[in-house]
Amino acid sequence: MRTRTRDPQTLGAGGALDRMARILASRNITPAALAALLDESEPFSARDAVSAGMPPRYRGAEADHPQVLDWVREVARQAVAPSRGARRQITTGPSLLMAGVVGSGKTHQAYGAVRALAGAGIGVRWRAVTAADLYAELRPRPGTDSERELAVVSRCPLLILDDLGAAKSSEWVEEVTYRLINRRYNHMLPTLITTNLAIKDLRAYLGDRVASRLAQMTARVEFEPVDRRRRHAAA
């Protein structure tokens, strides 16, 4: 009787290392950040692992705005465990629209909210992107599947969409924004949106279709008109 053996898993290009790298990238964890965590002598928490996928400036971000903390609690309440004993995961939940001047702390609060969810024991599959970078990634060009990229962002369980309204408006920008927001609206996926525009100006920039969905899917937070970056630098 012939014994069947499986070919060994390769660790090079196209092998296990590549697959691991893709998994880490999907969770916003860079190899350098992972290595830094593994080098620590103390055990690291789920919040540490989530923080490793964040830009260095926001790895210690703490959410302290009352409405942001309310959002964290509600998303955590709606999280579901896929099986008995498994960690609860984000499936659906409310979204949050944070508006305020440049430097008022919106992005800090958004990253802090993700860390707070991880600290509460919620499994967090998330992604963060500025609106301008997203449009750059989605512009049609050879060798890029922009439809697939849009689908990935649209389906992400938790999305930070930063600086909505900072990019120059156009029919294409409005259409891409509508497709993204509409998919997340239909599937009730939690989205943290920051914008420097006043809420009353969003409709003119985004169009009626997007503004209408945002009005229904988000709670709105208006930050005080203070540039904390400049105030901190002056201090």
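# Reading burial, pairing and packing in a predicted model

Q: Which residues of helix α6 are buried?
A: In this predicted model, helix α6 spans residues 131–138, and its buried residues are Ala 131, Leu 134, Tyr 135 and Leu 138. Because these residues cover an arc of only 95° around the axis, they fall on the same side of α6.

Q: What covers the buried residues of α6?
A: The covering elements include strand β2 (126–130) and strand β3 (158–162), together with helix α7 (146–155) and helix α8 (171–187).

Q: How should I see the chain as a whole before going further?
A: The chain holds 11 helices and 5 strands, and buried residues make up 40% of its 235 residues. Among the contacts with a separation of 6 or more, 77% are between residues 24 or more positions apart.

Q: Is strand β1 enclosed or open to the outside, and how do I read that from its residues?
A: Burial is read residue by residue, and in strand β1 (residues 95–99) 5 of the 5 residues are buried, so the strand is largely enclosed by the rest of the structure. Ser 95, Leu 97 and Ala 99 point one way from β1, while Leu 96 and Met 98 point the other way, and all of them are buried.

Q: Which strands pair with β1?
A: One partner is strand β5 (residues 218–222), which pairs with β1 in the parallel sense over 5 bridges; within that pairing, Val 221 of β5 is the bridge partner of Met 98. The other pairing is with strand β4 (residues 191–195), which runs parallel to β1 and is joined to it by 4 bridges, and here Thr 195 of β4 is the bridge partner of Ala 99.

Q: What leads into β1 from the helix before it?
A: The loop between α4 and β1 contains Gly 93, which counts as buried because its relative accessible area is 10%, under the 20% cut-off. Leaving aside neighbours within four places in sequence, Gly 93 is in contact with Gln 78, Met 188, Leu 189 and Pro 190. The C-alpha atoms of Gly 93 and Val 72 are 9.8 Å apart, although these two residues are separated by 21 residues along the chain.

Q: Why look for groups of buried nonpolar residues, and how many residues does the largest nonpolar core have?
A: The general idea is that nonpolar side chains tend to be buried together in soluble globular proteins. In this structure the largest nonpolar core has 28 residues, and those with the most contacts inside it are Trp 71, Val 114, Leu 117, Val 124, Trp 126 and Leu 192. Two or more residues of this core come from each of α4 (66–78), β1, α5 (106–119) and β3, with α5 giving the most, 6 residues.

Q: What does Val 124 touch?
A: Not counting residues up to four places away in sequence, Val 124 touches Val 50, Gln 89, Ile 90, Val 114, Leu 117, Ala 118 and Leu 158. Apart from the core of Val 124 lies another core, of 24 residues, which includes Leu 97, Val 153, Leu 164 and Ile 193.

Q: How many aromatic pairs are found, and how do I read one?
A: A search of the whole structure finds 3 aromatic pairs. One of them joins Tyr 111 and Trp 126, which meet edge-to-face with 6.1 Å centre to centre and 90° between the planes. Tyr 111 lies in helix α5 and Trp 126 in strand β2, so the pair ties together parts that are 15 residues apart in sequence. Both rings belong to buried residues, with relative accessibility of 9% for Tyr 111 and 3% for Trp 126. Tyr 58, Tyr 111 and Trp 126 form one aromatic cluster.

Q: Which aromatic pair involves helix α6?
A: Tyr 135 of helix α6 pairs with Trp 172 of helix α8, linking distant parts of the chain that are 37 residues apart. This pair is edge-to-face, at 6.2 Å centre to centre and with 70° between the planes. Tyr 135 is buried at 4% relative accessibility, whereas Trp 172 is partly exposed at 27%.

Q: Where do charged groups sit over rings?
A: Arg 209 lies over the face of Tyr 178, at 4.0 Å from the ring centre. The charged end of Arg 213 sits over the ring of Tyr 185, 5.8 Å from its centre.

Terms used: Residues numbered from 1 in each chain as written. Predicted model: local features only at pLDDT ≥ 70, side-chain atom pairs only at ≥ 80, totals over all residues. Heavy atoms only, no water. Buried < 20%, exposed > 50% of the residue type's maximum accessible area, 1.4 Å probe, protein only. Arc of directions from axis to C-beta. Contact = heavy atoms within 4.5 Å. Pairing = 2+ DSSP bridges. Core = buried A, V, L, I, M, F, W, Y, C linked by side-chain atoms within 4.5 Å. Phe/Tyr/Trp six-rings, centres within 6.5 Å; stacked < 30°, edge-to-face > 60°. Lys NZ or Arg CZ within 6 Å of the ring centre and 35° of its normal.
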